Amino acid sequence: MKFYNLKENEEQVSFSGAVKQGLGRNQGLFFPETIPQFENIEKLLALPMVERSVEVLHSFVSEDLTKAQLTEIVTDAFNFPAQIQPINEKRAILELFHGPTLAFKDFGARFMARCLQAFSGDKMVTILTATSGDTGAAVAHAFHGIENIRVVIMYPKGKISLLQEKMFTTLGGNIETIAIDGDFDDCQALVKQSFDDQELKDTIGLNSANSINISRLLAQICYYFEAVAQLYRQQGKAALDNIVFSVPSGNFGNLTAGLFAKAMGLPIKRFIAATNANDTVPRYLQTGEWSPNQTVATMSNAMDVSNPNNWPRVEHMLKSGIVDKDCVSSVSIDEEQTQMTMIALAKLGYISEPHAAVAYKALQYNASDEEFGVFLGTAHPAKFKEVVESTLGQPIGLPKELAECATETILSVDQNNDFTVLRKYLLEKA
Ligand SMILES: *Cc1c(COP(=O)(O)O)cnc(C)c1O
């Protein structure tokens with residue numbers, strides 16, 4: 001199968017091309033030319049997660065990977081569970097945070113790392129990325145120890161929590177981390193300057209590994225299938241009529257993957273895209289006007305995005321009829337409601353964090369009692385320890401992934417916010 005550029009449709013590349021390139025010409029996103037369809041969904045749902053994921057992904061990648069190669073990649077990448085936990089009779093959370101960095105980004109980053117390894121051969125690749133927390137950890141762990149791939153992660157010095165910093169700066173080996181004397185936007189500007197520098201780009205084989213990479217989205221399709229498979233196993237065929245997913249959304253990659261799953265024939269009735277105060281999409285769906293406001297900082301900071309970079313893919317699916325145009329609604333949840341919802345969930349016996357709480361609240365607003373609502377748990381509550389503890393007034397324990405790295409040494413180098421310094425560093429160490 002080919003993937004085409006949504007902006008310049010004549011640009012078509014294979015899966016490996018889309019993974020290596022990331023973005024197409026004119027910043028266009030790659031999109032699959034067809035969506036594979038499954039007739040016998042129940043048979044697919046009966047398979048174990050890895051086997052089913054190979055079936056789900058095979059036709060997207062068959063030009064570049066054999067089934068055996070894909071099986072090896074998927075087995076290695078998805079070595080932790082996605083798990084449905086019931087909240088009450090009509091609501092459940094899909095916990096996606098049991099991977100090495102305790103966030104759902106592990107699924108996409110681990111799959112992408114293994115695909116890129118398969119496609120880059122002997123050629124050295126440098127992943128350069130800026131992070132304010134979660135992405136850096138997922139990318140660092142996903143690529144750690146992978147041959148021929150060098151990872152350089154920049155972050156704003158002193159502006160992320162110590163625990164967050166320890167999660168990606170203590171690995172060593174092929175993972176290099178730079179604490180920049182500046183803020184997150186400065187780090188992002190340095191990444192952009194590097195990608196604009198053709199000579200640098202060619203010399204060190206730059207790639208960004210960010211969430212617009214199609215491989216990350218394809219990986220995420222698999223846990224929607226897994227969620228429905230678990231509900232089917234628990235509740236039988238009747239479960240398949242009424243499932244609504246509420247997706248806590250920032251760049252809308254997670255929602256995009258869900259829409260792919262629906263288009264492939266997975267029985268999902270509809271989606272709710274839950275946002276925090278950064279409400280460009282809910283306002284757009286209501287008024288038809290795309291008018292991003294200044295991004296505001298919230299507790300659910302991984303969703304502090306006002307110009308979501310995956311939206312063109314969602315828009316394309318809705319407008320071209322790949323999915324029904326009214327299968328997506330969107331709700332914005334404010335800070336007070338988020339905290340009240342964390343408290344309400346704790347009373348039901350479930351400790352959550354702000355992103356999941358936003359998604360649960362959106363279900364309460366938008367889903368009926370006849371519908372079975374699944375909200376996505378995108379991060380472990382311990383990753384948001386401070387706000388969870390202050391909201392709930394109770395201490396929460398650290399899982400072993402966080403406890404272990406807390407005692408390790410930070411290996412970062414410090415750098416001024418200066419592109420010539422970064423450029424020299426990247427070339428010297430190559
Ligand atoms: C990245 C992230 C999100 C947002 O996901 P998108 O795919 O960008 O919409 C939500 N929650 C957490 C914890 C995240 O890290």
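In the predicted model, an open sheet of 5 strands is found, in which pairing is parallel and the strands follow the order β9-β6-β7-β8-β14. The edges of this sheet are occupied by β9 (206-207) and β14 (413-416), each of which has a single partner strand, so that one side of each remains without a neighbour in the sheet. At the β9 edge, strand β6 (residues 125-130) runs parallel to β9 and is joined to it by 2 bridges, with Thr-126 of the chain standing opposite Leu-206 in β9.

Two helices were examined in relation to this sheet. Helix α6 (residues 134-143) packs on the sheet through contacts with β6, β7 (149-156) and β8 (175-181), and its direction makes an angle of about 160° with that of β7. Helix α7 (residues 162-169) likewise packs on the sheet, where it touches β7 and β8, and the angle between its direction and that of β7 is about 165°.

With regard to the cysteines, the structure holds 0 disulfides. Cys-222 takes part in no disulfide, the nearest cysteine sulfur being that of Cys-115, at a distance of 11 Å, whereas a pair of sulfur atoms would have to lie within 2.5 Å to be counted as a disulfide. Cys-222 is also buried, with a relative accessible area of 1%. For Cys-405, the closest cysteine sulfur belongs to Cys-187 and is 20 Å away, which is too far for a bond; the Cys-405 residue is itself buried, its relative accessible area being 9%.

Terms used. Residues are numbered from 1 along each chain as its sequence is written. This is a predicted model: local features need pLDDT of at least 70, side-chain atom pairs count only at pLDDT 80 or more; totals for chains, interfaces and linings use all residues. Side-chain values use heavy atoms; hydrogens and water are left out. Two strands pair if DSSP finds at least two bridges between them. Helices (H or I, at least four residues) and strands (E, at least two) are DSSP runs, numbered from the N terminus. Contact means heavy atoms within 4.5 Å. Axes are lines fitted to C-alpha atoms, for helices over the stretch in contact, and angles run from 0 to 180 degrees between N-to-C directions. Buried means under 20% relative accessible area, exposed over 50%, partly exposed in between (1.4 Å probe, protein chains only).
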